[in-house]
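Student: I should like to work through this model by question and answer. Could we begin once it is displayed?

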Amino acid sequence: MSDATTPSTPSLMSRLIDTGAHQKLLAFASLILLLIGFSVASPNFMQMSNMIAILQATSVNGVLAVAATLVIITGGIDLSVGTLMTFCAVIAGVVLTYAGMPLIFGVIAAIGAGAFCGLCSGAFVAKMKIPPFIATLGMMLILKGLSLVISGTRPIYFNDTPGFDLISRGSLIGKVIPGLQIPNGVLILFLVAITASYVLNRTVLGRYTFALGSNEESVRLSGVNTDRWKMAIYALAGGICGIAGLLIASRLNSAQPALGLGYELEAIAAVVIGGTSLSGGRGSIMGTLIGALIMAVLINGLRVLSVAQEWQTVVTGAIIILAVYADMVRRKSA
Amino acid sequence: MLNRRTLLGALSAATLLATAPASFAQETLYVPLISKGFQHQFWQAVKAGADQAAEEFGVRITFEGPDSETMVDRQIDMLAAALAKKPTAIGFAALDSQAAIPLLRQAKEMGIPVIAFDSGVDSDIPLSTASTDNVAAAALAADKMAGLIGGSGKVAVVAHDQTSRTGIDRRDGFLDQIAANYPNIEVVTVQYGAGDQLQSTELTKAILIANPDLKGIFGTNEGSAIGVVNGVREMAKTDIIIIGYDSGAAQKDAVRSGLMAGAITQNPVGIGYETVKAAISASKGMAVPAMIDTGFYYYDATNIDDPAIAAVLYD
């Protein structure tokens, strides 16, 4: 997971690397500070089972945030990540529980459905020139409705698919290292993050993702088929939402068709805390991962300290504003 | 220069200072309640009952619930955080029973008694369930509706959802009672408004447009009932019998003014109180009943100010 780069002059590139590294260091330091603070405040915070609970709580939001990061770097926004996740979970439920097919088909169907819906959003944005906010807002509602229609407005349970709950709840790491029962959901989050980071920083698709966010017009004028690359990145983000759908369905052992609204904002919050710019062209998956962890640690820590729920929400909101403000101040002075 | 580290540091330090005393009070009994919701007045009334029991029995409680009743995974995270605190016992109102099973098993292994409240948990781990008999309560609503419309005609139901236990029980309790005892009453439709006032308002207007000869509507929770009242008012109908569920300031006003014929009220304060009481008993190894029926009442303009009724209504 390396830094944000753009295909641009070396001086600009090196500057971006510097700010990127600095930003991540700050975010990481904040995370460590939060961990230390909560550990000092409550003896119950720093224990293995609670750390695993935090990671488990991060897994779904983290994967969604990775998907949101990709789209945001292109200068777009994806409001449909939450309901797309639900839609993919419902598709998995239809394939596995209603049709009774083997596990692997459910996995393929969920990720495939996610990629297809992402491709549709991408086409709305790139081909039909609908602003990303509107296109994905429409998609968010379409998918929320379709999830309810397809599921018959009932949760679909996965009791007939042995092994489905292990996708998120099982622990491969725990089998290799007994005592370290890190759930597979967390492992999958890290795999998704590493893959997305590789795509962003080491492939043509990644280079164009940053370039689209920095200056789409100049990329297009230099003869690149920007529409195609944009659709590809939305499709990739959609496929990642499909993985999130599998994770949440596995964790709940059910596809909950009414769930999903509001999750897009938490994903976007993790992205901006991680230092990705909402105006596009700048950002990193590593930052997003840390952003998602900061949110999960904060909420869990406040709960373990028994802070009243209304104040938990206030603190979370304040943290988002402070994080982005600090980032702005630092970048202006840099 | 301000940077994120100092800001975050200052903020977390402030939080820690503000809450440190609570976290060291581990010697008193501690019972977290994980609810289905938090900001609705109904849940605040449950919390008030739990607070009352906490004071009476000298235990410490916390009360948390997700922002929306669809956020099943958020509720699971709350349960996990509550278990990390190694509580004396836990009160739990499951949004989805299956999703919570692994954590409930963990609670059992840790020897932490679990008391279910409000809608129950489909599992044998909770030692007791403190809730309203929603089927019987909705059947009472059906009886009252039948009486008020004269035993015949068309009625409709605006329900809060079709997946939760309370949604299903209230709908079916009403429908089954009508079907079994009132052959001349036809339930023309059951619509679902997610307990959202605005959605329920729109639904009600659509039902009234589709059925100009409708005589009555049953709203199955606070938001649904207010929505029905709004919809009927916006359509300028005056002859629709409305029966609601739960209370809240708006619903109480509607009952007082006669817009709403009456409503079923649960005893949310009692639910909170009995949950904490049962949790304490269970943690001391005492036997607790498997079901604690916390009761329900029908109220209308004539008895809304009776002390027994007023005590279970909330604003």
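Student: What distance separates the centres of domain 1 of chain B and domain 2 of chain B?

Tutor: In this predicted model, local features need pLDDT of at least 70, side-chain atom pairs count only at pLDDT 80 or more, and totals for chains, interfaces and linings use all residues. Residues are numbered from 1 along each chain as its sequence is written, while chains are lettered from A and ligands numbered from 1 in the order of writing. Domain 1 of chain B comprises 30–132 + 268–295 and domain 2 covers 134–266, bounds that come from an automatic or database domain assignment. Taken over C-alpha atoms, the separation of the two centres is 29 Å.

Student: How do the residues on the side of domain 1 of chain B that touches domain 2 of chain B divide by polarity?

Tutor: In chain B, 9 residues of domain 1 are in contact with 9 residues of domain 2, contact meaning that C-beta atoms placed from the backbone lie within 7 Å. Ala, Val, Leu, Ile, Met, Phe, Trp, Tyr, Cys and Pro count as nonpolar, Asp, Glu, Lys and Arg as charged, and the others, including Gly, as polar. On the domain 1 side this gives 2 nonpolar, 6 polar and 1 charged.

Student: Which residue of β9(B) stands opposite Gly216(B)?

Tutor: Helices (H or I, at least four residues) and strands (E, at least two) are DSSP runs numbered from the N terminus, and two strands pair if DSSP finds at least two bridges between them. Strand β8 (residues 214–219) of chain B pairs in the parallel sense with β6 (residues 153–159) over 5 bridges, and Ala156(B) stands opposite Ile217(B) there. β8(B) also pairs in the parallel sense with β9 (residues 241–245) of chain B, over 3 bridges. In that pairing the partner of Gly216(B) is Ile241(B).

Student: Which helix joins β8(B) and β9(B) in a β-α-β unit, and what is the hand of that unit?

Tutor: A crossover is right-handed if, with the strands pointing away from the viewer, the path from the first strand over the helix to the second runs clockwise. The helix in this unit is α8 (residues 222–234) of chain B, and the hand is right-handed.

Student: Is Ala194(B) buried or exposed?

Tutor: Ala194(B) lies in the loop between β7 (185–192) and α7 (197–210) of chain B, and its phi is positive, about 60 degrees, although it is not a glycine. A residue is buried if 20 or more other C-beta atoms, placed from the backbone, lie within 10 Å of its own, exposed if 12 or fewer, and partly exposed in between. Because Ala194(B) has 22 C-beta neighbours inside 10 Å, it counts as buried.

Student: Why is Lys86(B) classed as it is?

Tutor: Lys86(B) is found in the loop between α3 (72–84) and β3 (90–92) of chain B, with a positive phi near 50 degrees. Because it has 14 other C-beta atoms within 10 Å, Lys86(B) is partly exposed.

Student: What radius of gyration does chain A have?

Tutor: The radius is taken over C-alpha atoms, and the globule rule is 2.2 Å times the number of residues to the power 0.38. For 334 residues a compact globule would have a value near 20 Å, so chain A agrees, at 20 Å.

Student: How many other C-beta atoms lie within 10 Å of that of Thr288(A)?

Tutor: Thr288(A) is found in helix α12 (residues 285–304) of chain A. Beyond its neighbours within four places in sequence, its contacts include Ala65(A), Val66(A) and Ala270(A). Thr288(A) is buried, and the number is 32.

How values were computed:
Two residues are in contact if their C-beta atoms, placed from the backbone, lie within 7 Å.
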